[in-house]
Amino acid sequence: HHLREELLNLVNVETGEPAVLDVVRSDSFYTRRADDTLPDMWVVWNSERPVEAVYSPRTGLIVRRQTHWRSGDHPTDGFLLAAGPDIEEGVEFGPLDAQDVGPTVAALVDIELPEAVGRRVALPRALKQ
């Protein structure tokens, strides 16, 4: 709780806007196990502008200029490309939860994932000639 508050207090020095929009605990979305590899929380950065310097009364000024083209930031929505003899070409199959990717891909190659959290999603199939 305390760390969340401190992160939410960070201000993007360049814009004066909050640098962090939200801090989300992973256990609010996933059932945690002692041996899982999930992070305890995710920081949702304000990505309207680059964040190279932040300030808060507790941390003071922190400056870290980007030296690489890749920020490490991830969009909230991703995409999945699938190709194969039984998958119809050029068809969008709509939203897919990240936890459904494993069971869906496994089903395409006739593998069961009994411990998987997600579910198999039916992809548009090509018509057999």
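This report describes a predicted model of one protein chain, moving from its overall layout to particular residues.

## Overall layout

The secondary structure of the chain consists of 2 helices and 5 strands, and, read from the N terminus, these elements follow the order α-β-β-β-β-β-α. A helix therefore stands at each end of this series, with the strands between.

Of the 129 residues in the chain, 19% are buried, where buried means that a residue has under 20% relative accessible area. The chain exposes about 10,600 Å² of surface, and carbon and sulfur atoms supply 53% of that area. Among the contacts whose partners have a separation of 6 or more, 39% are made by residues that lie 24 or more positions apart.

## The nonpolar core

In soluble globular proteins, nonpolar side chains tend to be buried together. In this model the largest nonpolar core has 6 residues in all, namely L7, L10, A19, V20, V23 and V54.

One of these core residues, V23, can be followed through its contacts: when residues up to four places away in sequence are not counted, V23 touches R4, L7, L8, M41 and W42. The list includes L7, which is itself a member of the core.

## A nonpolar patch on the surface

Nonpolar residues also appear on the outside of the model, where V13, Y55, L61 and V63 form a surface patch with about 380 Å² of accessible area together. One member of this patch, L61, is placed in strand 5, which covers residues 60-63. Is L61 buried or exposed? L61 counts as exposed because its relative accessibility is 57%, and the cut-off for that class is over 50%.

## Salt bridges

Side chains of opposite charge can pair when their charged atoms come close. The structure holds 7 salt bridges, and in one of them the side chains of D22 and R4 meet at 2.8 Å, taken from N to O. This pair links distant parts of the chain, since D22 belongs to strand 2 (residues 20-25) and R4 to helix 1 (residues 2-8), with their positions 18 residues apart in sequence. D22 counts as partly exposed because its relative accessibility is 26%, and R4 is likewise partly exposed, with a relative accessible area of 34%.

Another salt bridge joins the side chains of R32 and D36 at 2.7 Å, again from N to O. The two partners fall into separate classes of accessibility: R32, at 28%, counts as partly exposed, whereas D36, at 18%, counts as buried. Salt bridges that share partners bring R32, D36 and D40 together into one network. A further bridge connects R33 with D35, whose closest N and O atoms are 3.1 Å apart, and both R33 and D35 are exposed.

## Residues that bring segments together

V11 is found in strand 1, which covers residues 11-12, and V11 is partly exposed, with a relative accessible area of 29%. Although V11 and Y55 are 44 residues apart along the chain, their C-alpha atoms are separated by 5.2 Å. Leaving out residues up to four places away in sequence, V11 touches G16, E17, P18, A19, A53, V54 and Y55. Two of these partners, A19 and V54, belong to the largest nonpolar core, while Y55 belongs to the surface patch.

## Two buried loop residues

S26 lies in the loop between strand 2 and strand 3. How is S26 classed, buried or exposed? S26 is buried, because its relative accessible area is 0%. A polar atom of the S26 side chain lies 2.7 Å from the backbone oxygen of P39, and the C-alpha atoms of these residues, which are 13 residues apart along the chain, are separated by 6.8 Å. With neighbours within four places in sequence left aside, S26 is in contact with R32, L38, P39, D40, M41 and W42; R32 and D40 are also part of the salt-bridge network.

N46 is placed in the loop between strand 3 (41-45) and strand 4 (53-56), and N46 is buried, with a relative accessible area of 10%. The side chain of N46 reaches the backbone nitrogen of E48 at 3.1 Å. Apart from residues up to four places away in sequence, N46 touches E17, P18, A19, V20, L21 and V51, and among these partners A19 and V20 are members of the largest nonpolar core.

Notes
Residues are numbered from 1 along each chain as its sequence is written. This is a predicted model: local features need pLDDT of at least 70, side-chain atom pairs count only at pLDDT 80 or more; totals for chains, interfaces and linings use all residues. Side-chain values use heavy atoms; hydrogens and water are left out. Patches are made of residues with over 30% relative accessible area and no salt bridge: like charges are joined within 9 Å, nonpolar side chains (Val, Leu, Ile, Met, Phe, Trp, Tyr) within 5 Å. Accessible areas come from the Shrake-Rupley method with a 1.4 Å probe; for residues, only the protein chains shown count as cover. A salt bridge is a side-chain nitrogen of Lys or Arg within 4 Å of a carboxyl oxygen of Asp or Glu. Helices (H or I, at least four residues) and strands (E, at least two) are DSSP runs, numbered from the N terminus. Buried means under 20% relative accessible area, exposed over 50%, partly exposed in between (1.4 Å probe, protein chains only). Contact means heavy atoms within 4.5 Å. A nonpolar core is a set of buried Ala, Val, Leu, Ile, Met, Phe, Trp, Tyr and Cys residues joined through side-chain atoms within 4.5 Å. A polar contact is a pair of N or O atoms within 3.5 Å; within protein, one must be able to donate a hydrogen and the other to accept it, and residues adjacent in sequence count only if both atoms are side-chain atoms.
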